[in-house]
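Reader: Please take a close look at one part of this chain and set it in the context of the whole. I would like the surroundings described residue by residue.

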Amino acid sequence: MQTKPLTNEQLRAQAPSIFSENPIEGVSDKYAFVPTYSVLDTFRHAGYYPIMAGESRVRNHENKGYQKHIIQFRSLEHLLRPSANEEYADIVLTNSHNRTSSFSVDLAIFRLVCANMLVVPSHTFSHHSIIHAGFNFEKIHTAIDEVTSHMPCIQEEIETFKAIELSVAEQHSFAKAALDIRFDKEVHSVDFKEFLHVQRDEDEAPTLWNVFNRVQEAIIRGGIKGSNKVTGKTFTSKAITAIDANLKMNKELFSIVQMVADLKTPSLMIAA
């Protein structure tokens with residue numbers, strides 16, 4: 001499927017807060033306002049083009065136009081060859097203009113078969129959170145360079161995940177760990193097997209990578225059935241649309257995958 005870069009006009013339609021011309025009222029004199037749209041061309045000149053954008057919903061009307069927003073960038077190489085790989089390493093930028101966050105640059109893996117974005121936790125590479133005070137564009141360049149330099153390592157790691165098979169017991173353990181990320185077990189009663197349903201033929205084999213994707217899709221897209229232990233009412237989980245919650249759950253889940261991979265590495269296993 002062909003993915004086309006978004007123009008500034010298309011970005012504005014998806015997330016108007018990207019183009020805020022000033023910060024929210026009440027910021028201190030030390031707050032250095034840096035509009036998100038001002039860094040778009042920095043990414044483009046580095047060979048990364050915006051393909052998705054979104055912004056948080058606001059409960060307080062005063063935050064409208066200044067809320068947290070997210071932009072996903074993909075390399076020109078991958079845009080020109082959209083079907084060359086099963087996954088693509090992308091860059092994700094988040095920012096806000098209401099003092100709630102700084103510029104953050106993350107590495108994400110986008111899986112074509114299910115259109116899932118899997119965000120890599122920052123402890124695996126030099127994560128960049130760039131505060132507004134003392135901002136300069138060189139920091140954005142450095143962040144892009146750091147993230148892109150780590151992409152080959154993550155892609156090798158994914159190949160390792162694909163080569164690791166999980167037993168039924170290991171799949172169950174993985175799903176139980178994921179349940180703690182999504183639900184409060186003191187309040188919610190959920191069958192962990194809900195996370196393991198196979199949605200497509202590509203995820204049938206019990207590899208660590210496939211199980212990870214099954215679980216991640218169930219967490220982020222919702223549809224998990226359960227009940228409330230307090231009220232006794234049944235529920236079906238909703239999709240995770242909040243930017244912070246989406247990124248947090250993605251990173252925590254990826255960390256679990258990495259721990260499982262470490263445990264399954266032959267050099268760490270007890271000889272029979």
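Author: Contact here means heavy atoms within 4.5 Å. The model is predicted. Among contacts in the chain between residues at least 6 apart in sequence, those that join residues at least 24 apart make up 65%. The chain has 272 residues, and 49% of them are buried. Its secondary structure consists of 7 helices and 9 strands. About 14100 Å² of the chain is exposed, and 52% of that area is supplied by carbon and sulfur atoms.

The part chosen for the close look is K68. This residue sits in the loop that runs between β1 (48–55) and β2 (69–75). Because its relative accessibility is 14%, under the 20% limit, K68 counts as buried. Its side chain makes a polar contact of 2.5 Å with the side chain of D244. Leaving out residues up to four places away in sequence, K68 touches E55, S56, N95, S96, S101, I243 and D244. D244 therefore appears both in this set of contacts and as the polar partner of the K68 side chain, which is a buried residue by its 14% relative accessibility.

One of the residues that K68 touches, S56, also belongs to a pocket. The second largest pocket has a volume of about 340 Å³. It is lined by 15 residues, and those closest to its centre are S56, R57, V58, R59 and Q67. By type, the lining comprises 7 polar, 5 charged and 3 nonpolar residues.

Two other buried residues can be set beside K68. A108 belongs to strand β4 (residues 103–111). With a relative accessible area of 0%, A108 is buried. Apart from residues up to four places away in sequence, A108 touches Y88, A89, D90, V92, M117, L118 and V119. A108 also lies 9.6 Å from K251, C-alpha to C-alpha, although the two are 143 residues apart in sequence.

T207, like K68, is a loop residue: its loop lies between β7 (188–190) and α6 (208–221), while that of K68 lies between β1 and β2. T207 counts as buried because its relative accessibility is 10%. A polar atom of the T207 side chain is 3.1 Å from the backbone nitrogen of N210. Neighbours within four places in sequence aside, T207 is in contact with F161, K162, I164 and E165.

Note on methods
Residues numbered from 1 in each chain as written. Predicted model: local features only at pLDDT ≥ 70, side-chain atom pairs only at ≥ 80, totals over all residues. Heavy atoms only, no water. Helix = DSSP H or I, 4+ residues; strand = E, 2+ residues; numbered from the N terminus. Buried < 20%, exposed > 50% of the residue type's maximum accessible area, 1.4 Å probe, protein only. Polar contact = N/O pair within 3.5 Å; in protein donor to acceptor, adjacent residues only side chain to side chain. Areas by Shrake-Rupley, 256 points an atom, 1.4 Å probe, with all protein chains shown as cover. 1 Å grid on protein atoms, 1.4 Å probe; cavity = no way out; pocket = protein on both sides within 12 Å on 5 of 7 lines; lining within 4 Å. Points joined across faces, edges and corners; volume = space filled by probe spheres on them. Nonpolar A, V, L, I, M, F, W, Y, C, P; charged D, E, K, R; others polar.
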